[in-house]
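Thanks for coming. I will take one structure today and go through it piece by piece, starting with the whole chain and ending at the surface.

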Amino acid sequence: MNLCIIKGRLGNDPVIRSFGESGISVEFNVAVDRFVSKEKGKVTDWISIKVYGKRSVFVNDHFGKGDEILVHGRFQTDNWEKDGVKHSRSFIVADDVEFCGGKRGPAGTTMQTPHFDDSEEIPF
């Protein structure tokens, strides 16, 4: 079973991309702390996330740098070769995303958390 669940904060604003005739995706990084040892304390891992389809528009519209997020998805590694050099990139393909603790508003206030509705139509 390939299942990943992470909770952290966006390290950057989502970057939206289009591909093909109607494909759309968004990419961002999530900072996740983990405990290493008593001496070293916590370290931060940066995890790349990709979201596809209608959910990517929701993420682009409602999440930004510093927002806390819960991501459910699967781990994936892409491999390719360019100019004779092999490359790889690992990331999580998100099936679902959720706000954690509300969305930060102006001056540290908390705003109501928007909810993704799968039935919403994309306006294009």
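Of the 124 residues in this protein chain, 35% count as buried. Keep in mind that this is a predicted model. The accessible surface comes to about 8,300 Å², and carbon and sulfur atoms hold 49% of that.

Next, the secondary structure. There are one helix and eight strands in the chain. Reading from the N terminus, the order is β-β-β-β-α-β-β-β-β. As for contacts, take those with a separation of 6 or more: 55% of them are between residues 24 or more positions apart. Several of the pairs I will show bring together parts of that kind.

Let me begin with the helix. Helix H1 covers residues 54-62, and Ser56 is in it. Is Ser56 buried or exposed? Its relative accessible area is 0%, so Ser56 is buried. What does Ser56 touch, once we set aside neighbours within four places in sequence? The contacts are Ile16, Ile24, Ser25, Val26 and Val51. Take Ile16 from that list: Ser56 and Ile16 are 40 residues apart in sequence, yet their C-alpha atoms are 7.5 Å apart in space.

Now the aromatic side chains. The structure has three aromatic pairs. In one of them, Phe19 and Tyr52 have ring centres 6.1 Å apart and ring planes at 85 degrees, so this pair is edge-to-face. Phe19 belongs to strand S2, residues 15-19, and Tyr52 to strand S4, residues 41-52, so the pair ties together parts 33 residues apart in sequence. Phe19 is partly exposed, at 42% relative accessibility, and Tyr52 is partly exposed as well, at 38%.

Another pair is Phe58 with Phe63. Here the ring centres are 6.3 Å apart and the planes are at 75 degrees, so this one is edge-to-face too. Both of these residues, Phe58 and Phe63, are buried. Ring pairs also bring in Phe99, so to speak: Phe58, Phe63 and Phe99 are linked into a cluster.

On to charges. Side chains of opposite charge can pair when their charged atoms come close. How many salt bridges does the structure hold? There are eight, and I will go through three of them.

Start with Arg9 and Glu68, where the closest N and O atoms are 3.9 Å apart. This pair links distant parts of the chain, with Arg9 in strand S1 and Glu68 in strand S5, residues 68-82, 59 residues apart. Arg9 has a relative accessible area of 39%, so Arg9 is partly exposed.

The next is Arg34 with Asp45, and there the closest N and O atoms are 2.4 Å apart. Arg34 lies in strand S3, residues 23-37, and Asp45 in strand S4, so the pair ties together parts 11 residues apart in sequence. Both ends of this bridge are partly exposed, Arg34 at 43% relative accessibility and Asp45 at 26%.

The last of the three is Lys50 with Asp78, with the closest N and O atoms 4.0 Å apart. This pair also links distant parts of the chain: Lys50 is in strand S4, Asp78 is in strand S5, and they are 28 residues apart. Why does Lys50 count as buried? Its relative accessibility is 11%, and buried means under 20%. Asp78, at 29%, is partly exposed. While we are on salt bridges, Lys7, Arg9 and Glu68 are joined into one network by bridges that share partners.

I want to stay with Lys50 for a moment. Besides the bridge to Asp78, the charged end of Lys50 sits over the ring of Phe91, 4.3 Å from the ring centre. Leaving out neighbours within four places in sequence, Lys50 is in contact with Val26, Glu27, Asp78, Arg89, Phe91, Ile92, Val93 and Ala94. Val26 is also among the contacts of Ser56 in the helix.

Last, the surface. Which residues make the nonpolar surface patch of about 430 Å²? They are Met1, Leu3 and Ile5. Met1 is in the segment before strand S1, which runs over residues 4-10. Its relative accessibility is 96%, so Met1 counts as exposed.

That is what I have. Questions are welcome.

Methods
Residues numbered from 1 in each chain as written. Predicted model: local features only at pLDDT ≥ 70, side-chain atom pairs only at ≥ 80, totals over all residues. Heavy atoms only, no water. Patch = residues over 30% accessible without salt bridge, like charges linked within 9 Å, V, L, I, M, F, W, Y side chains within 5 Å. Areas by Shrake-Rupley, 256 points an atom, 1.4 Å probe, with all protein chains shown as cover. Salt bridge = Lys/Arg side-chain N within 4 Å of Asp/Glu carboxyl O. Helix = DSSP H or I, 4+ residues; strand = E, 2+ residues; numbered from the N terminus. Buried < 20%, exposed > 50% of the residue type's maximum accessible area, 1.4 Å probe, protein only. Phe/Tyr/Trp six-rings, centres within 6.5 Å; stacked < 30°, edge-to-face > 60°. Lys NZ or Arg CZ within 6 Å of the ring centre and 35° of its normal. Contact = heavy atoms within 4.5 Å.
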